Amino acid sequence: MLMERHLAKKARRASGKHHLKGPRRRSDEDNLQFKVKLERLLAKLMEQVDNL
């Protein structure tokens, strides 16, 4: 049991070396682009619904 505990601890410590910080924070420009593209997508979908 002690050996399993030791190996688990080693594995946890080793995995920390490969951990990245994650994606960067979204900028105002990113938010604006998302809004524009989402509105464009919704407009297309509404147009398709109206044509049915």
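Me: Accessible areas come from the Shrake-Rupley method with a 1.4 Å probe, and for residues only the protein chains shown count as cover. About how much area does this chain expose?

Reply: We are looking at a predicted model, where local features need pLDDT of at least 70, side-chain atom pairs count only at pLDDT 80 or more, and totals for chains, interfaces and linings use all residues. Residues are numbered from 1 along each chain as its sequence is written, and side-chain values use heavy atoms, leaving out hydrogens and water. Carbon and sulfur atoms supply 59% of the exposed area. The total is about 5900 Å².

Me: How many helices does the chain have?

Reply: Helices (DSSP runs of H or I, at least four residues) and strands (E, at least two) are numbered from the N terminus. The chain has zero strands. Its helices number two.

Me: What share of the chain's residues count as buried?

Reply: Buried means under 20% relative accessible area, exposed over 50%, and partly exposed in between. The chain has 52 residues. The share of them that counts as buried is 0%.

Me: Which residue forms a salt bridge with R24?

Reply: A salt bridge puts a side-chain nitrogen of Lys or Arg within 4 Å of a carboxyl oxygen of Asp or Glu, and the structure holds one. R24 is exposed, at 65% relative accessible area, while its partner is partly exposed, at 28%. The closest N and O atoms are 3.1 Å apart, and the partner of R24 is D30.

Me: Which residue's side chain is joined to that of R26 by a polar contact?

Reply: R26 sits in the loop between α1 and α2 and is exposed, because its relative accessible area is 64%. In a polar contact, N or O atoms lie within 3.5 Å, one able to donate a hydrogen and the other to accept it (neighbours in sequence count only through side-chain atoms). Here the contact is 2.7 Å, and the partner of R26 is N31.

Me: About how much area does the nonpolar patch with L41 cover?

Reply: L41 lies in helix α2, residues 28–51, and is partly exposed, at 45% relative accessible area. Patch residues have over 30% relative accessible area and no salt bridge; nonpolar side chains are joined within 5 Å, like charges within 9 Å. L41 makes this patch with F34, L38, L42 and L45, and its area is about 470 Å².

Note on methods:
Buried means under 20% relative accessible area, exposed over 50%, partly exposed in between (1.4 Å probe, protein chains only).
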